[in-house]
Amino acid sequence: MGIPAASASVARQWPSSAPIGPTAASPLAHAASRCRCWTLSREAASACVFPEVSSRSDTACVVAMGTAQLLLRRASFLLTPSLLLRRNPVHSSLFQARAAMAADAASQFQKIQIQREDTTFDAYVVGKENAPGVVVLQEWWGVDYEVKNHAIHISQIGDGYRALIPDLYRGKVALEVAEAQHLMDGLDWQGAIKDIQASVKWLKENGSSKVGVTGYCMGGALAIASGVLVPEVDAVVAFYGTPSSELADPSKAQAPIQAHFGELDSFVGFADVTAAKSLEEKLKSTGVSHEVHI
């Protein structure tokens, strides 16, 4: 899979000093596999569009500057041996630091409520009004400070974007792996797609002429699914996640899709190399512009 000119400066990197982390048999193997990531240069992040379909996605297809740095920060945090059993120890200076960062991130957002069908959900908006919009989807942890930091970075790229995070877990945020797994297992995936569609519509009704969707892990899978199921989506950038065949068939994608995967990711069938290559084959049959990077 060649890297097109628009993304030529993408360089994958896993720091040699980072701990290896748990084995595949460990209950934390899934969380560790999320952290094998790459770095993006400022030029690559700014240029990450589909030039051949610029009328549709020039202003919507965005990869956040700083995504790699945040992911690497999470990697070193999650895989530190003393923290393998607890992501967020309650009685520690680390917890206090994270809480402070969460408060700082939260202060930059406008909390809104979005109505869809017979339900209402919270969402968090940051960025310039009337700018192109990006729906930012959470990982399995929920709407924590890290996904908020991603949204802040996205909103500051170039001339500015308006980023919106829908709260798919309805206020719940996991602190430990087992809790995150429980929340993801209980997610109404079809309902989450409806939340995404309502979020895209809200942005378009409030000044964003184009709206893209990006997400990480669970959110990556949902982002790709939205490119299949939500006609209002203008472009998708997904990180290490693919939707189940029951949720969405990528061979029926309607929006341009760019997907990123870690070559050491061991989440079989969801984010490993085989899943990435399978996604690419399905996208080839769509006729829409696509890029798959491993």
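Here are a few short exercises on this predicted model, each with a worked solution.

**Exercise 1. Work out how far the model can be trusted, and where to be careful.**

Start with the overall score: the mean pLDDT of the protein is 76, and 65% of its residues reach 70 or more. Next, look at residues 1–91, where the pLDDT is below 50. That stretch still has 197 contacts in the model beyond near neighbours in sequence. Where pLDDT is low, the predicted coordinates should not be read in detail. So take those contacts with a pinch of salt, given the pLDDT below 50 over residues 1–91.

**Exercise 2. Describe the overall build of the protein.**

Count the elements: there are 10 helices and 8 strands. Then check the cover: of the 294 residues, 56% count as buried. For the outside, the protein exposes about 12,300 Å², with carbon and sulfur atoms supplying 52% of it. Last, take contacts between residues at least 6 apart in sequence: 70% of them join residues at least 24 apart.

**Exercise 3. Check whether the length of helix H9 fits its residue count, then find its place in the protein.**

Helix H9 covers residues 218–229, which makes 12 residues. At 1.5 Å a residue, counting one less than the number of residues, the expected span is 16 Å. The end C-alpha atoms are 16 Å apart, so the two agree. Now the cover: 11 of the 12 residues of H9 are buried, among them Met218, Leu222 and Val228. Leu222 also turns up among the residues with the most contacts inside the largest nonpolar core, which has 73 residues. Leu164 is another on that list. Setting aside neighbours within four places in sequence, Leu164 is in contact with residues including Ile112, Ile114, Val136 and Trp202.

**Exercise 4. Place Ser155 and say what its side chain reaches.**

Ser155 sits in helix H6, residues 145–155. Its relative accessible area is 8%, under the 20% cut-off, so Ser155 is buried. The side chain of Ser155 reaches the backbone oxygen of Ile152 at 2.7 Å. Not counting residues up to four places away in sequence, Ser155 touches Val126, Gly127, Gly160 and Tyr161.

**Exercise 5. Compare the settings of Arg170 and Tyr240, two residues with positive phi.**

Most residues other than glycine have a negative phi. Arg170 has phi near 55°, and Tyr240 has about 40°. Arg170 lies in the loop between strand S4 and helix H7, while Tyr240 lies in the loop between strands S6 and S7. As for cover, Arg170 is partly exposed at 37% relative accessible area, whereas Tyr240 is buried at 1%.

Conventions: Residues numbered from 1 in each chain as written. Predicted model: local features only at pLDDT ≥ 70, side-chain atom pairs only at ≥ 80, totals over all residues. Heavy atoms only, no water. Helix = DSSP H or I, 4+ residues; strand = E, 2+ residues; numbered from the N terminus. Buried < 20%, exposed > 50% of the residue type's maximum accessible area, 1.4 Å probe, protein only. Core = buried A, V, L, I, M, F, W, Y, C linked by side-chain atoms within 4.5 Å. Contact = heavy atoms within 4.5 Å. Polar contact = N/O pair within 3.5 Å; in protein donor to acceptor, adjacent residues only side chain to side chain. pLDDT = per-residue confidence, 0-100. Areas by Shrake-Rupley, 256 points an atom, 1.4 Å probe, with all protein chains shown as cover.
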